[in-house]
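Reader: I have a protein open on my screen and some terms to pin down. Please set each one against its definition.

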Amino acid sequence: MSPAKKTKAVKKNIINKNKDINKFKRAFAYKLFYQQGKTTRTASLNDYYLAVAHTVRDRMQHLFVNSVEALLEKDSKIVCYLSAEFLMGPHLGNNLINLGLYDDVAQACKETGLDLQEILNHEEEPGLGNGGLGRLAACYMDSLSSSQIPAIGYGIRYEYGMFDQEIEDGWQKELSDRWLHPGNPWEIKKPDMACDVGFGGHSEVYHSERGNRRVRWIPGRVITGIPYDTPVPGYKVNNVNLLRLWSAEAHTSFDFEDFNVGDYYGAVEDKISAETITKVLYPNDEQFQGKQLRLEQQYFFVSCSLQDMIRIHLFTHDSLDDFHEDFQAQLNDTHPSVAVPELMRLLIDVHLYDWDKAWKITCKTLCYTNHTLLPEAMEKWSIDLFGSLLPRHLEIIFEINRRFLDEVRLKYPGDDERINRMSIIDESGSRYVRMANLACIGGHAINGVAAMHTDLLRKHTLKDFNEMYPGKIHNVTNGVTPRRWIALSNPRLTRLMTDAIGEGWVTHLDELKKLEKLVDDASFREAWCKVKEANKKDVADYAYRQSGSVFNPKAMFDVQVKRIHEYKRQHLNVLHIITLYNRIKANLNIDITPRVFVFGGKAAPGYFMAKRIIKLINSVAEVINNDPDVRDRLKVFFIPNYNVKIGHSVYPMTDLSEQISLAGMEASGTGNMKFSMNGALTIGTLDGANVEIREEVGAENFFLFGLNVEEVYEKQSAGYRSMEYYRNNEELRGVIDLLQSGHFSHGDRELFKPIVDSLLYDDQYLCFADYQDYIDCQDRVSEIFRDQDNWTRMSILNVARMGKFSSDRSINDYARKIWQVQPFPVELKWQRIPEGGIVFPEPRKTTNV
């Protein structure tokens, strides 16, 4: 192209870009005035957020309409991802990145007098998940769209999500998460697609006109499920998939007969009872009512979802014979495994299939992801509870179990112990329905979520099923989306890498390998180091503005953010902090690498020990941060209410990622991947995906410590005694003695006694066994951190070798190994017109698709 033509093309691009920016500015004003009913004189920050969000949603809607139309015109298999949790995070920033509109909208905001970053910070985060399970589901939805695989995510629209966490006097305090209060501009209510869901009642036998024996379920009560749809766009493609969340409403919301006789509560009792089902995310299920509500939640969203899938299929098909060829339903853990008897019920009771045909369709449709290695952690329901809520489903489960155990007896005659282990019904004491066994039997594939996890499933947890069905258990190592966890959350690193190697890595993360050739480039290493320092300084400045806390951005940022649980061993991290503190107190002039220790995470409201660990972290922080002897060599902070939005700042700032769970306890983990993608080095055990991360980045770029799985089993089998470690390790003894002396609790020796006693007498997660190796490894970390040039090289290599851990790779593994589905690129046929809707290419009949 000649210079003149290049200049003309550049000018044309600038003119088009200015036109786009002006369109956004007009759209903001349009939405503010006509949708919010506000002017610039009366609008709040929330009004501006809603105006911008609705403008962006409009840009997604025409892509979504095209996606639906494309599927109607040409059948493609649809992946249905059933999950009780979807921790999507804030939508606006991620949608702007995926739509390629971030810079234009930022400029339009600036020219309108708005600050896009302020608007992004204002957005309320939907807390529809407890942690890793829901966040994984969100990453997979992003990757399904970006990989152009048609998909629907099915879940629950909890009115109150994961509780908001405040720290009061060092203790966790739970507050209601009112995420819907400011308004949710991303969802669209679809009442015309409602589904009815029954509970209780009884079943009755009848005979069809042909004399066939049939069963019908007569529920005791019926709840209506209303879908709320949220579009999920792919990265710079036309495909937009759907997140469909179900909200419970009463079948009849108001009883005039009760009202007319003065029974005002009775008039709305059904409405209150029904709406309770989707009122709150996962109630604390220690009480019977809590367990019942959790089962009601699971069945409610599963039944709605399966009915919806059947409705969609029958819109373009005459029967359900090939249902499994159009849909693959992935069960994200055991929570949706009631899908097995529910799909059977819908097929045999409602659509009148015979058992064998229905079972074939069910098994070919469903797939199960296992997320735990602990048999005691796998979900099970008492027969009495299950039968009272879902009597027809219990009958179906009994019949599934009878037929399955006959197969087991034929293959393993006389092996009664195996039969007892594999039975869906646990007969060892009070009778229970084992939901994991049900999911293993009722689907065509099972998968683990990391290589080691899957290996342990095959050899231990699901050994019987692996022997019964060789090849049924697959591995699909978890991954995370680089769009949110690098492109959105770490713009400085994104610019540096894109300038160096191009932007292909955003959808093909293995292209980060190109960074390896730059590791010897001194100027690139310097730029890399400046990115990390700038990210750390942003957080330091924010902390100072919010709380007056001061810390050195050049110190090592040592971070552990995850759900608070004893097996994740946040208290082992605290033992290291106290070890360093003791060293300083013993020698005030000791040369210690400065560290800022950062913790974050929530404890389950009923988890006594986890909540006390939070108190311990904050109490240790109070002492160390105010002890003049420490002289800023150590700082300790606990971030309240850790969530996805806070993660956007935490992962980019981190130098050292703490992945220190006991080997064999973590199925995979995904936080470890996010840290490494953002240039943090990992200190960790051979647990979960740590094993594969270490293999990929190189053993020399990973700080390994601790027992491996085999050594853990051996030590536990031999009779592990933590007291012996306490007696034989002087430094450990000094840490525990200081802790129980009341030094960190204003002289109260009782406050942390439960933690000390659990470590001394019932160290279930082998903190003492791993203590010395952990301390020695941390000393190596400190020494290497002093050589910043070497540390930077290791950081670059960590990022360069993280290609395997993109959720795009995970989704492609599922598509190839389990779902047998191909990408389905969408062509744009229905076009938008400015703020006026869309042009209809042809008249169409009324539908509910």
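Reader: What makes a set of residues the largest nonpolar core here, and which members touch the most others?
Author: A nonpolar core is a set of buried Ala, Val, Leu, Ile, Met, Phe, Trp, Tyr and Cys residues joined through side-chain atoms within 4.5 Å. The largest such set has 185 residues, and F300, F386 and W819 touch the most other members. Helix 9 (residues 288–316) gives the most to this core, namely eleven residues. A second, separate core has 54 residues, among them Y235, I486, A543 and V561.

Reader: How were these values obtained?
Author: This is a predicted model, in which local features need pLDDT of at least 70 and side-chain atom pairs count only at pLDDT 80 or more, while totals for chains, interfaces and linings use all residues. Residues are numbered from 1 along each chain as its sequence is written, and side-chain values use heavy atoms, with hydrogens and water left out.

Reader: Which residues is W819 in contact with, leaving aside neighbours within four places in sequence?
Author: Contact means heavy atoms within 4.5 Å. By that rule W819 is in contact with K77, V79, L144, Q328, Q330, C367, I811 and Y814.

Reader: Why does R392 count as buried?
Author: Buried means under 20% relative accessible area, exposed over 50%, partly exposed in between (1.4 Å probe, protein chains only). R392 has 8% relative accessibility, so R392 counts as buried. R392 sits in helix 14 (residues 391–411). Not counting residues up to four places away in sequence, R392 touches S203, V215, W217, R345, I348 and D349. The C-alpha atoms of R392 and P219 are 9.2 Å apart, although 173 residues separate the two along the chain.

Reader: What makes 28 Å agree with a compact globule?
Author: The radius of gyration is taken over C-alpha atoms, and the globule rule is 2.2 Å times the number of residues to the power 0.38. For 849 residues that gives a value near 29 Å, so the 28 Å of the protein agrees. Of the 849 residues, 58% count as buried. Of the contacts with a separation of 6 or more, 75% are between residues 24 or more positions apart.

Reader: How many helices and strands are there?
Author: Helices (H or I, at least four residues) and strands (E, at least two) are DSSP runs, numbered from the N terminus. The protein has 33 helices and 25 strands.

Reader: How do you know that strand 3 and strand 4 pair?
Author: Two strands pair if DSSP finds at least two bridges between them. Strand 3 (residues 164–168) and strand 4 (residues 171–175) have five bridges, in the antiparallel sense. One of the partnerships is E166 with K173 in strand 4. Two residues lie between the strands of this hairpin, where D169 takes a positive phi near 55°.

Reader: Why are strand 13 and strand 14 placed at the edges?
Author: Their open sheet has three strands in the order 13-15-14, with antiparallel pairing. Strand 13 (380–382) and strand 14 (425–426) each have a single partner strand, so one side of each is left without a neighbour in the sheet. Three bridges join strand 13 to strand 15 (residues 432–434). In strand 15, Y432 is the bridge partner of S382.

Reader: Which residues of helix 26 are buried?
Author: In helix 26 (residues 690–697), N690, V691, E692, I693 and V697 are buried. These pack against several elements, including helix 17 (451–461) and helix 32 (788–800). Just after helix 26, G698 takes a positive phi of about 100°.
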